Amino acid sequence: MSPATPGGSEVSALVRRVTQEKILRYAEASGDFNPIHVDEEYARRSPFEGTIAHGMLLLAYISSMMTDAFGQRWLSGGRLKVRFKAPARPGDVVTASARPLHASAADQGPAGGGRLEFAVECSNERGETLVTGTAAVSGGEGSETA
Amino acid sequence: MAEQPDLDIRHLAKGYEFPSFHVALDPDGVRRYLEAVEDASKVYYRDAPTSRQDCLPALAPPLGAVALVLKALLDQLKLPEAAVHTAQELEFRRALAAGAHLACRARVAQRSELRGAVISVIEFEIAEEGGESAPAVLGRTTIMAAQDSPGRSQS
């Protein structure tokens, strides 16, 4: 279910299954070949006991969710502040979600020139929180979506 | 074989400024990034020339640019094996063009020690070369590294 914001905009949750193939594809796109992500033998001997997804991949899911909701407004006026709580592993189904906190400027939301703020998180199918924090999007004239 | 960096993040004092560095975004790399993160938003393609609207984006997702900048930044460092990216703050002030050349600056904003670990906060700014000189993206990356862990260079 998509939570409605005080300003009337909605942010739909985004669900992605993490696989080792997707982790490798992200490593190639970002250039981050840290062995904890891509070397299964190395990762098995690490405290994680297996490969884990890049934290920045999970942030990309949050950013995609915000882009879907706010379009270019997010690209040029978004703010994100998160902590990484636990890793995502191959096979995990990650859900990025946003819960409205409040809107400034008399709850006008981005369309009215205010600022919308959300609690955001990524969690897995076992209900474990992987990433938690806040996201905000600043206003301007007119709402623009992806 | 690439030269191993000898700048250990645990030894960088608060206020240390990294040499400025540059990162190039190319539309094809941006497209591969969008595929990798399964971001199908049309907003990145909206202003692309009609002839390439179905293949190459005009705008870059900010997280894609940040990922490349962090890679370039951390390539300058020797990171301990157990170094962990624990927190991230980002502020997007302007959208970045998919073909932009980025000028980047970074410094150690905070350094603290806690129970055998060094916690470093690195602040960075990303500006588009040839565009407005004010940063398009601001960021703060927190990395925690065990004091006694052996070093491992990035990538």
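How many residue pairs are in polar contact across the interface of chain B and chain A? The rule finds 11 such pairs, both residues at pLDDT 80 or more; a polar contact is a pair of N or O atoms within 3.5 Å, and within protein one must be able to donate a hydrogen and the other to accept it, while residues adjacent in sequence count only if both atoms are side-chain atoms.

This is a predicted model, in which local features need pLDDT of at least 70, side-chain atom pairs count only at pLDDT 80 or more, and totals for chains, interfaces and linings use all residues. Residues are numbered from 1 along each chain as its sequence is written, chains are lettered from A in the order in which they are written, and side-chain values use heavy atoms, without hydrogens or water.

Select the facing sides of both chains: 33 residues of chain B are in contact with 36 residues of chain A (heavy atoms within 4.5 Å). The elements of chain B that each supply at least two residues to its side are helix H1 (27-36), helix H2 (62-74) and strand S4 (84-92) (DSSP runs: helices, H or I, of at least four residues; strands, E, of at least two). The largest share, eight residues, comes from S4(B).

Next, display S4(B) with strand S2 (residues 78-84) of chain A; the two run antiparallel and are joined by five bridges (strands pair if DSSP finds at least two bridges between them). Within S4(B), B:Glu89 is the bridge partner of A:Lys81.

Finally, select B:Glu38 and A:Lys22, whose side chains form a salt bridge (3.2 Å, N to O). The chains share two salt bridges, each a side-chain nitrogen of Lys or Arg within 4 Å of a carboxyl oxygen of Asp or Glu.
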